[in-house]
Amino acid sequence: MNLTDRVVVITGGAGGIGAALARRFAAEGAAAVVLADLDARATAAVAEAVGPVARGVAVDAADEGQVRDLVADTERRYGRIDLFCANAGVATGVGIDAPDADWDRAWRVNVLAHVYAARAVLPGMLARGGGHLMHTCSAAGVLTAVGDAPYTATKHAAVGLAEWLAVTYRDQGIRVSALCPQGVDTPMLADGLATGHLAARVIAASGPVLTPDQVADAAVAGLAEERFLILPHPEVAGYALRRAQDPDGWQAGLRKLVRRLRAAGPPPA
């Protein structure tokens with residue numbers, strides 16, 4: 001995926017990783033970058049900051065009709081979509097006892113939004129004989145987000161869906177990537193650290209916290225190499241290997257880390 005003259009759509013584009021992707025894609029020479037997010041004002045502000053190639057629209061990525069309209073409108077305006085980044089995501093910060101509404105929201109945003117994007121964009125890509133899907137799945141999708149059961153389960157499902165798409169459509173010219181960062185300096189993590197939430201503290205203790213721009217750099221490199229699994233934190237590959245080779249030992253190590261953090265107590269306010 002050479003981003004020069006490409007038409008790109010990014011959901012969850014109002015900030016964080018989505019905004020960083022937009023900036024980087026524009027710098028790489030993209031012909032158009034369409035930013036979609038629930039927050040219309042913030043999305044418009046990001047698009048204005050990115051420059052004339054960017055356009056911001058208000059879209060609920062978990063609403064299939066709105067996603068279908070987003071794809072149709074983009075194809076009418078620009079003739080095609082070369083890269084669709086399904087980047088919207090939500091965390092819950094709760095365990096197995098999370099209310100059904102939290103489970104449903106995580107499922108709709110972290111999984112079904114990717115389904116809706118693929119359903120909408122694949123027909124055009126297949127007709128043209130090529131295209132790329134990049135799903136932001138999180139390192140939680142190959143490991144575990146301690147303290148957040150809905151996030152862990154749905155991010156695992158997102159990675160599984162991305163792999164299914166890659167196996168099913170690669171021979172028809174469709175490339176698929178799963179972007180799986182670990183700790184990223186976004187409000188999602190910052191808010192968790194500020195409240196001393198266990199999930200955020202485990203993430204911060206497991207490796208460096210990257211900036212969204214660093215994640216965007218890794219994404220561009222991974223797209224250029226057409227990699228399926230894009231890991232901005234290289235150590236995640238080692239963690240995943242240890243988890244596969246010795247799942248009991250991996251879980252024991254993670255429990256040890258949790259006990260240590262709990263014993264230390266929350267950081268001072």
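**Exercise 1. Find which backbone nitrogen of Y151 or G93 meets the side chain of D148, and at what distance.**

Start with Y151: in this predicted model, its backbone nitrogen lies 3.0 Å from a polar atom of the D148 side chain. Next, take G93, whose backbone nitrogen is placed 2.6 Å from a polar atom of that side chain. Both distances fall within the 3.5 Å cut-off for a polar contact.

Now locate the residue itself. D148 sits in the loop between β5 (131-136) and α5 (149-169). Setting aside neighbours within four places in sequence, D148 is in contact with A91, T92, G93 and V94.

**Exercise 2. Is D148 buried or exposed, and which side chain of opposite charge is nearest to it?**

Begin with the surroundings: D148 is buried. Then look for a partner of opposite charge; the nearest such side chain is that of R105, 9.3 Å away. A salt bridge asks for a separation within 4 Å. D148 therefore ends up with no salt bridge, although it is buried. To finish, recall the backbone nitrogens of G93 and Y151, which do lie by polar atoms of the D148 side chain.

**Exercise 3. Work out the strand order of the open sheet, and say which strands stand at its edges.**

Walk across the sheet strand by strand. The open sheet has seven strands in the order β3-β2-β1-β4-β5-β6-β7, and the pairing is parallel. The edges belong to β3 and β7; each has a single partner strand, so one side of each lacks a neighbour in the sheet.

**Exercise 4. Describe how strand β1 is covered, and which strands pair with it.**

First, check burial. Five of the five residues of β1 (residues 7-11) are buried, so the strand is largely enclosed by the rest of the structure. Next, split the strand into its two faces: V7, V9 and T11 lie on one side, V8 and I10 on the other, and all are buried.

Then turn to the pairing with β2 (residues 32-37), which is parallel and runs over five bridges. You can follow the register residue by residue:

- V7 stands opposite A32.
- V8 stands opposite V33.
- V9 has V34 as its bridge partner in β2.

To get from β1 to β2, the chain passes through helix α1 (residues 16-27), and this β-α-β crossover is right-handed.

Last, consider β4 (residues 83-86). β1 and β4 pair in the parallel sense over three bridges, and here V9 stands opposite F84.

**Exercise 5. Repeat the analysis for β2, and follow the chain onward to β3.**

Count the buried residues: six of the six in β2 are buried, so this strand too is largely enclosed by the rest of the structure. Sort them by direction. A32, V34 and A36 point one way, V33, L35 and D37 point the other way, and all are buried.

Now move to β3 (residues 54-58). Five bridges join β2 to β3, and the two run parallel. The bridge partner of V33 in β3 is A54. The connection from β2 to β3 goes through helix α2 (residues 40-50) and forms a right-handed β-α-β crossover.

**Exercise 6. Place T43 and list what it touches.**

Locate it: T43 belongs to helix α2. Check its accessibility: at 0% relative accessibility, T43 counts as buried. Then gather its contacts beyond the neighbours within four places in sequence: A14, L35, A36, D37, G56 and V57. Among these, L35, A36 and D37 are residues of β2.

**Exercise 7. For S138 and E226, give the phi value, the location and the accessibility.**

Take S138 to begin with. Although not a glycine, S138 has a positive phi of about 80 degrees. Its location is the loop between β5 and α5, and with a relative accessible area of 9%, S138 is buried.

Then take E226, also not a glycine, with a positive phi of about 55 degrees. E226 is found in the loop between α8 (212-224) and β7 (229-230). Its relative accessible area is 30%, so E226 is partly exposed.

Definitions and conventions
Residues numbered from 1 in each chain as written. Predicted model: local features only at pLDDT ≥ 70, side-chain atom pairs only at ≥ 80, totals over all residues. Heavy atoms only, no water. Buried < 20%, exposed > 50% of the residue type's maximum accessible area, 1.4 Å probe, protein only. Helix = DSSP H or I, 4+ residues; strand = E, 2+ residues; numbered from the N terminus. Pairing = 2+ DSSP bridges. Right-handed = clockwise from strand over helix to strand, strands pointing away. Lys, Arg positive; Asp, Glu negative; His and termini not counted. Polar contact = N/O pair within 3.5 Å; in protein donor to acceptor, adjacent residues only side chain to side chain. Contact = heavy atoms within 4.5 Å.
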